Amino acid sequence: WVCVCVCVCVEKFSESERKEWIAQGQESMQQLLMKLDWDFKTNWKVEKEKSGVAIRSGAIDGIKYKVFMAEVTFELPASRVFHFMFQRENILDYHGSYKHFETIERFEKSCDVVYYQTNASGPVSSRDELQIRLCSSVKGGFASTSSTVSSQNYPSDRNCVRSHTPQGNGFIILPIDGKKDSCRMINFVLTDFKGWLPRMVLNVAMGSELFKFYDQTAPGGLEKFAQRHSETDTEKFIASLFGE
């Protein structure tokens, strides 16, 4: 008798899903980059502000709830901040917002599908989401966008509320002219957190959490990140996404 073992590889996503989601990521990136031309100081309300950090809220056509943006300056090169903000391991190690963050599949060098679960924060319980992420180099800096996709293979966890993030969500990190090794980051948070909490409660929580992250968590995380990851590590990471 000859025993033959056959290994059957089950694809996580169909080819049509891949094409649809990559196109969605590209459209989301276009919507994100268009926001660079917006006049935030005139049309958006300042929720909290401190030297180097401003949290604003405003309205976007097609979205029925208040959305938020953070504008932050860092005394670091754009590449270092992007490495800190985008790489999965750094998100888990330093950001403090996630109890689970998994790269499900990478479609292209700069495009992947991720699944995450957030930590509960105050009155807001844990959320989970499946997203398409796409990053790009832009104007000497970097941009990353993420938006919701759905798959029957990844239903919501029973201990989480499934949130929804529309296209145009994400962040842009650009070098500051005339200031070596400094950058400016704009982060648009468009997520609909769903659940039973009144929108007013979610809005207060979101404004506070965004400010806390950029005023305390991110600076502290970046210090630890700089101790553990060299500039060479960052160069290799950037090359893995945008290199030939």
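How many cavities of 30 Å³ or more does a search of the whole structure find? The search finds 1, and a close-up of that cavity comes second in the set below. Please keep in mind throughout that this is a predicted model.

**Figure 1. How confidence varies along the predicted chain.** Let us start with a look at pLDDT. The chain averages 91, and 95% of the residues score at least 70. Strand β7 (residues 141–148) has the highest confidence, at 98, while helix α2 (residues 40–43) has the lowest, at a mean of 80. Residues 1–9 need a separate word: their pLDDT stays under 50, and the model has 0 contacts for them beyond four places in sequence.

**Figure 2. The largest cavity and its lining.** The largest cavity has a volume of about 60 Å³. Its lining is made up of Lys 66, Val 67, Phe 68, Val 189, Thr 191, Phe 193, Arg 199, Leu 202, Asn 203 and Met 206. Two elements, β3 and α5 (199–228), each give two or more residues to this lining. Helix α5 gives the most, with 4 residues. By character, the lining divides into 6 nonpolar, 2 polar and 2 charged residues.

**Figure 3. The largest pocket and the elements around it.** The next view turns from the cavity to the largest pocket, whose volume is about 1,100 Å³. This pocket is lined by 43 residues, and those nearest its centre are Ser 97, Tyr 98, Thr 118, Val 189 and Met 206. Val 189 and Met 206 also belong to the lining of the largest cavity. The elements that each supply at least two residues to the pocket lining are α3 (78–86), β4 (98–108), β5 (111–118), β6, β7, β9, β10 and α5. Which of the elements gives the most to the lining of the largest pocket? That is α5, with 9 residues. The pocket lining divides into 20 nonpolar, 18 polar and 5 charged residues.

**Figure 4. Strand β10 and its two pairings.** Strand β10 covers residues 183–189, and 6 of its 7 residues are buried. It runs antiparallel to strand β3 (residues 67–74), with 7 bridges joining the two. Strand β9 (residues 170–175) is also antiparallel to β10, joined to it by 6 bridges. A good residue to centre the view on is Arg 184, which is the bridge partner of Thr 73 and also the bridge partner of Leu 174.

**Figure 5. The loop between β10 and α5.** Two residues are picked out here, starting with Asp 192, which has its place in this loop. Is Asp 192 buried or exposed? At 11% relative accessibility, it counts as buried. Leaving aside neighbours within four places in sequence, Asp 192 is in contact with Tyr 65, Ser 163, His 164 and Arg 199. Arg 199 is also one of the residues lining the largest cavity. Lys 194 is found in the same loop, between β10 and α5. At 38% relative accessibility, Lys 194 counts as partly exposed. Its phi is near 55 degrees, a positive value in a residue other than glycine.

**Figure 6. A positive phi at Lys 139.** Most residues other than glycine have a negative phi. Lys 139, however, has a phi near 50 degrees, a positive value. This lysine, Lys 139, lies in the loop between β6 (127–138) and β7. Lys 139 is exposed, with a relative accessible area of 63%.

**Figure 7. Helix α3 and Gly 221 of helix α5.** Helix α3 is mostly covered, with 8 of its 9 residues buried. These buried residues are Ala 78, Arg 80, Val 81, Phe 82, His 83, Phe 84, Met 85 and Phe 86. Gly 221 lies in helix α5 and, at 4% relative accessibility, counts as buried. Leaving aside neighbours within four places in sequence, Gly 221 is in contact with Phe 84 and Tyr 94; Phe 84 is one of the buried residues of α3. The view also takes in Ile 91: Gly 221 and Ile 91 are 130 residues apart in sequence and 9.7 Å apart in space, C-alpha to C-alpha.

How values were computed. Residues numbered from 1 in each chain as written. Predicted model: local features only at pLDDT ≥ 70, side-chain atom pairs only at ≥ 80, totals over all residues. Heavy atoms only, no water. Buried < 20%, exposed > 50% of the residue type's maximum accessible area, 1.4 Å probe, protein only. Pairing = 2+ DSSP bridges. 1 Å grid on protein atoms, 1.4 Å probe; cavity = no way out; pocket = protein on both sides within 12 Å on 5 of 7 lines; lining within 4 Å. Points joined across faces, edges and corners; volume = space filled by probe spheres on them. Nonpolar A, V, L, I, M, F, W, Y, C, P; charged D, E, K, R; others polar. pLDDT = per-residue confidence, 0-100. Contact = heavy atoms within 4.5 Å.
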